[in-house]
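Hi there,

Here is the structure I promised to pass on to you. Have a look at it first, and then read on for what turned up.

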Amino acid sequence: LYEVLTGTPLHPELDDTERLLASRRVDPLPPITATAPPALIAIAERALAHDPEARYPDAEAFAADLATFLEGGLVAAHRY
């Protein structure tokens with residue numbers, strides 16, 4: 001989702017394994033400055049949060065928020 005919104009992969013200099021390990025570091029993520037709807041950006045940012053407690057609890061919850069967005073509903077990740 002990050003790559004779809006920004007047009008560039010997150011950590012393009014890393015291979016797949018290194019990208020997974022990089023997600024555990026505490027350095028800040030590049031901001032998502034896409035011209036996408038704020039609710040969709042909030043979904044991506046929640047999915048990429050460094051703090052595991054701030055992320056979606058599982059892929060099903062992530063998918064549910066995306067489906068809600070696509071249906072025009074209010075997503076859990078966004079503060080309205």
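To start with one residue: in which helix is Leu66 found? Leu66 is found in helix H4. Please keep in mind throughout that this is a predicted model.

How exposed is Leu66? Its relative accessible area is 23%, and because the buried class ends at 20%, Leu66 counts as partly exposed. Setting aside neighbours within four places in sequence, Leu66 is in contact with Leu1, Leu40 and Ile43. From Leu66 to Ala77 is a step of eleven residues along the chain, and their C-alpha atoms are separated by 9.8 Å.

Now for the overall picture. The protein chain has four helices and zero strands, so in sequence order the pattern reads α-α-α-α. Of its 80 residues, 24% are buried. The chain exposes about 5,600 Å², and carbon and sulfur atoms supply 58% of that area. If we take the contacts between residues at least 6 apart in sequence, 45% of them join residues at least 24 apart.

Next, the core. The largest nonpolar core has 14 residues. Leu5, Ile32, Ala36, Leu40, Ile41, Ile43 and Ala77 are the ones with the most contacts inside it. Two elements give two or more residues to this core, namely helix H1 (2-6) and helix H3 (38-47). H3 provides the largest share, with six residues. As general background, nonpolar side chains in soluble globular proteins tend to be buried together.

Which residues of H3 are buried? They are Ala39, Leu40, Ile41, Ala42, Ile43 and Ala44. These buried residues pack against H1 and helix H4 (59-70). Ile41 gives a closer view of the packing: beyond its neighbours within four places in sequence, Ile41 is in contact with Leu5, Ile32, Ala34 and Ala36.

The residue I think you will enjoy is Asp65, also placed in helix H4. Asp65 is buried and yet has no salt bridge. The nearest side chain of opposite charge belongs to Arg46, 4.5 Å away; a salt bridge is counted within 4 Å, so this pair does not qualify. What does the side chain of Asp65 reach at 2.7 Å? The partner is the backbone nitrogen of Ala76. Apart from neighbours within four places in sequence, Asp65 is in contact with Ile43, Tyr56, Val75, Ala76 and Ala77.

Finally, two threonines in loops. Thr8 lies in the loop between H1 and helix H2 (16-22), while the place of Thr35 is in the loop between H2 and H3. Thr8 has 32% relative accessibility and so counts as partly exposed. Thr8 is in contact with Tyr2 and Glu3, leaving aside neighbours within four places in sequence. Is Thr35 buried or exposed? Thr35 counts as exposed, because its relative accessibility is 85% and the exposed class covers values over 50%. Thr35 and Leu5 are 30 residues apart in sequence, and in space they are 8.0 Å apart from C-alpha to C-alpha.

If you have the viewer open, Asp65 and Ala76 make a good pair to look at, with the 2.7 Å approach of side chain to backbone nitrogen. After that, you could follow the buried residues of H3 to where they pack against H1 and H4.

Best wishes

Notes. Residues numbered from 1 in each chain as written. Predicted model: local features only at pLDDT ≥ 70, side-chain atom pairs only at ≥ 80, totals over all residues. Heavy atoms only, no water. Buried < 20%, exposed > 50% of the residue type's maximum accessible area, 1.4 Å probe, protein only. Contact = heavy atoms within 4.5 Å. Areas by Shrake-Rupley, 256 points an atom, 1.4 Å probe, with all protein chains shown as cover. Core = buried A, V, L, I, M, F, W, Y, C linked by side-chain atoms within 4.5 Å. Lys, Arg positive; Asp, Glu negative; His and termini not counted. Polar contact = N/O pair within 3.5 Å; in protein donor to acceptor, adjacent residues only side chain to side chain.
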